[in-house]
Amino acid sequence: MTKLLETQDLKAFYGDFQALFGVDIAVDEGETVAIIGANGAGKSTLLRSLTGLHPVPGQSIGFCGTAISGLAANRIHQLGLAMVPEGRRLFPSLSVEENLKIGASGRRKGPWSLDEVYRLFPALLERKRHGGSELSGGQQQMVAIGRALMSNPKLLLCDELSLGLAPKIVREIYAAVPLIRERGTSLVVIEQDIAQALKVADRVYCLQEGRVSLEGEPADLTRDEIAKAYLGTEEAA
Amino acid sequence: MEIATQRAPAIGSNPANYMLVAAALVCLVALVSAPLWAGRADLRMLMEALSFLALAQMWNLLAGYTGLISVGQQAFVGIGGYLFFALAMFGGIPVLAAMPIAALIAGLIAVPTGWLLFRLQGAYFAIGTWVVAEVFRLTAAQFPALGGGSGISLPVSVAKSIADTRAGREMVMYYIALFIALGAVLAVWLLLRSRWGLALNAIRDSETAAGSLGVRIRRIKFAVYVGTAIGTAFTGAFIFFQKLRITPDAAFSVTEWSAFVIFIVVIGGLGTIEGPILGVILFFLLRDIAADLGTIYLIGLGVVAIAVMLIDRRGIWGALKARGVPSLFKIQRHLK
Amino acid sequence: MEMINVILQGVLLGGLYALFAAGLSLMFGVMRFINIAHGDFIVVAAYLMLVAVLFLGLNPIIGILLVVVLMAAVGYAGQRILLNRVLDDDILPPVLVTFGLSIIIQNSLLETFSADSQRVPASGFDTASLSLSGDLAVGLLPLAMFLAAIGVIGVLQFVFYNTALGRLLRATSDDPEIVPLMGANNGHVFALATAIASGVVAIAGTMLAMKTNFDPTIGPSRLLFAFEAVIIGGMGNIWGTLAGGIILGVAQAIGAQIDAGYQILAGHLAFLAVLIVRPSGLFAKAKG
């Protein structure tokens, strides 16, 4: 299998503050990878670094065999890496349909189109003229996912899909994940909801204080291992 | 990303520190004794430079510490000048009293203008200040008693009231200028060292702070706005006392009292007390060399200001400080 | 009758002010950027028109088109090369850079064209007038300008709400940080906004050149008129800006009727009155 995304010794800084201390992760084609970790473990920084929103030093990120660290975010996006940002971040003055259309600004070809997104999330079709702020949290999340899919990405990064949503809605949203994979898009999901993450992922990374503390397939990991990797050694001891 | 600046070492541990303090003292002695050694033209230039230093310190306090960018401080230069003329000519108030009174009235005027302008944010505030200055300029031109659009000269009797001889007058004027400039520097320094200083340093980037903190920040900003209006008007009163003539266009000139002042502060170093001092020195040196070039000089000034923003927006003093040059005016208070 | 005539002249003048304002408002809307040299750019367009019509002998319509294309191109390049480098949360750098540009432009124009007042002849068009009824008459040129202003604003409105470019501009206005995640380059979007704004500025400047006398120093007051029209009308509402321009124009016309010295002052006072009564503007769009 070819590596779609690979980081080697990825470090990230905010001024003097170091957020990532040499993170190595890899995503294979067709895979769904979950990244779990406590607040402040560096999950969001990792995603922001991958998308180019947060510049990182060195040549530490490879995507489809190209070094993408240092590229502008829109160039990385055009290579086929899309993101559903934390908090959805819909454009409030754009309607649902406009929010979706703008996701295709990079003009990448592929299976996803406006019709396909509406087929995936039928709730959006009836509300396509509505503004983003008139939607429920779950519908907003659907727009954010649809908007990212409109660029026909090879890899979709999802930041906290379940945050602030009722369990029923979370299940609805996650039901879309297999359908997205079927069309050839790999996923990286960041989740605080560990159970949900383990259910959907082929492989799991756990981040702790800017380092990978655990890696493996969900079936192989024990609760204790995860708890230790998640919370840190002193709490586990 | 840069590395946080190290705390400047205490005086005594660094020879550069001694040199800086020594140079400052030499300058101070030279300034105080200037009437003894400087010719008439030099003295006039020094007066002008000192006036600009005071204006620059005021603008620096406003923009560098509260983040309020004004391009309309000429409003208070002009108001100070016009009020001074009105008080001295029609109120019969002695010159030395008329200046501070004019400044205080300008402070009162700043309360409603500030109330109005604080409704605008950021860059809109900046242009709003300019509109207000224009309103005052156009209004000043509507007062026939003050010469209307063509302006008015200060009667010789008023000028003579401070000293009989021309040399005596110039000496008194010079010391007023020195008093204003040193007063402005000291006032800003003491303010920043006071308990308000810490708050001022903290609020620059917290425009959006909400709740009671937001209200307090607004009050501090407002107080600084009014305070700098008073200092600016005091300086304006002096400037036009020295010129002995005032016109609306000169009194409320955006180029003179905003563009030059802002360039001085920004080229020298915004948000430092040393920056405006350095900026004034450079500005007058440059002017001495290149003023004959007229418009070309002004174009050059614009280019330099843009270059500072592109190369290092901290200005010359800010860049020097980052390279380890110690501060002359210590502001950071040591935490106990 | 006299008063109606005055108000009518003010309304027509307001169209020009709305054009001044549209460019300023667009740039602020998309990138929270205020160009202090905005008025000076208008004057540059006026001088370019002067060169095109008087020195090159071009037809005024060709002249306008040429100036629009030229200004839009320069606007695009200037944004990418210079202004994008000073755009961030700190408002001082853009204010200072454009303040510097303002000084540079004014003095370069002085150096090139002298301080003499200029005017571009509009081949008789500028004196012709249309008699409405009795004493009431409107100049053809002011009327044409007013209609052109409405046309330009209509086109801007259409582009903004009905095209992919407009969508991108509105999205950038909402949340510029994540626009690159849509595959668009912020620097390019900003530059496109400036190019459009500069094109509008060019139309405004060429009209100014035909309507009144101008010299290198009149830029700053045009900036203030533009700014006042935006604030009176309410930010983010382009038809509000037209209304703001008209209110400003009428206030100035009435002021001028009282005394020539009150023309500009009356406009400023109208602006300050709106700031007291409704700081968010008369026709501000409610934020959702």
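Helix α3 of chain B is largely enclosed by the rest of the structure, because 19 of its 27 residues are buried. In this predicted model, the helix covers residues 40-66 and reaches 39 Å from its first C-alpha to its last, close to the 39 Å expected at 1.5 Å a residue. Along the way, α3(B) bends by about 25° at Asn60(B). Just after the helix comes Gly67(B), whose phi is positive, at about 75°.

A second helix of chain B, α10 (residues 211-243), holds Ala237(B). This alanine counts as buried because 31 other C-beta atoms lie within 10 Å, where 20 or more are needed. Its partners include a residue far away in sequence: Met99(B) is 138 residues apart from Ala237(B) along the chain, yet their C-alpha atoms are separated by 5.7 Å. Leaving aside residues up to four places away in sequence, Ala237(B) touches Gly80(B), Gly81(B), Leu83(B) and Phe84(B), together with Met99(B), Ala102(B) and Ala103(B).

The loop between α10 and β2 (245-246) of chain B contains Leu244(B). Here the backbone deserves a second look. Most residues other than glycine have a negative phi. Leu244(B), however, has a positive phi near 65°. The residue is partly exposed, with 13 other C-beta atoms within 10 Å.

Chain A offers a counterpart in Arg88(A), a residue other than glycine with a positive phi near 70°. Arg88(A) sits in the loop between β8 (81-84) and α3 (96-102) of chain A. With 23 other C-beta atoms within 10 Å, Arg88(A) is buried.

Turning to chain A as a whole, its secondary structure comprises eleven helices and twelve strands. A compact globule of 237 residues would have a radius of gyration near 18 Å, and the 17 Å of chain A agrees with this. Along the principal axes, the C-alpha atoms of chain A fill a box of roughly 55 × 40 × 35 Å. Buried residues make up 47% of the 237 in chain A. Of the contacts in chain A between residues at least 6 apart in sequence, 67% join residues at least 24 apart.

Within chain A, helix α10 (residues 223-231) shows how a helix can present one side to its surroundings. Its buried residues are Ile226(A), Ala229(A) and Tyr230(A). Viewed down the axis of α10(A), these buried residues fall within an arc of 100°, so they line one face of the helix. The spacing fits a simple rule: an α-helix has 3.6 residues a turn, so residues three or four places apart point the same way. The buried residues of α10(A) pack against β5 (32-37), α9 (194-200), β11 (203-208) and β12 (211-216) of chain A. Just after α10(A), Gly232(A) adopts a positive phi of about 100°.

Chain C is built from ten helices and two strands. Its order along the sequence is α-α-α-α-β-β-α-α-α-α-α-α, which places the two strands between a run of four helices and a run of six. For 288 residues, a compact globule would have a radius of gyration near 19 Å; chain C has 19 Å, in agreement. The C-alpha atoms of chain C occupy a box of roughly 60 × 45 × 35 Å, taken along the principal axes. Of the 288 residues of chain C, 55% are buried. Residues 24 or more positions apart provide 74% of the contacts in chain C with a separation of 6 or more.

Chain C also meets both of the other chains described here. Its contact with chain B takes 32 residues from chain B and 32 residues from chain C. On the side of chain B that touches chain C, the elements giving two or more residues are α6 (122-140), α12 (254-268) and α14 (295-311) of chain B. By class, that side of chain B has 24 nonpolar, five polar and three charged residues. The contact between chains C and A takes 14 residues from chain C and 23 residues from chain A. The side of chain C that touches chain A divides into seven nonpolar, three polar and four charged residues.

Definitions and conventions: Residues are numbered from 1 along each chain as its sequence is written. Chains are lettered from A and ligands numbered from 1 in the order in which they are written. This is a predicted model: local features need pLDDT of at least 70, side-chain atom pairs count only at pLDDT 80 or more; totals for chains, interfaces and linings use all residues. The radius of gyration is taken over C-alpha atoms; the globule rule is 2.2 Å times the number of residues to the power 0.38. A residue is buried if 20 or more other C-beta atoms lie within 10 Å of its own, exposed if 12 or fewer, and partly exposed in between; C-beta atoms are placed from the backbone. Two residues are in contact if their C-beta atoms, placed from the backbone, lie within 7 Å. The expected span of a helix is 1.5 Å times one less than its number of residues. The bend at a residue is the angle between axes fitted to the seven residues ending there and the seven starting there. Ala, Val, Leu, Ile, Met, Phe, Trp, Tyr, Cys and Pro count as nonpolar, Asp, Glu, Lys and Arg as charged, and the others, Gly among them, as polar. The arc is that of the directions from the helix axis to the C-beta atoms.
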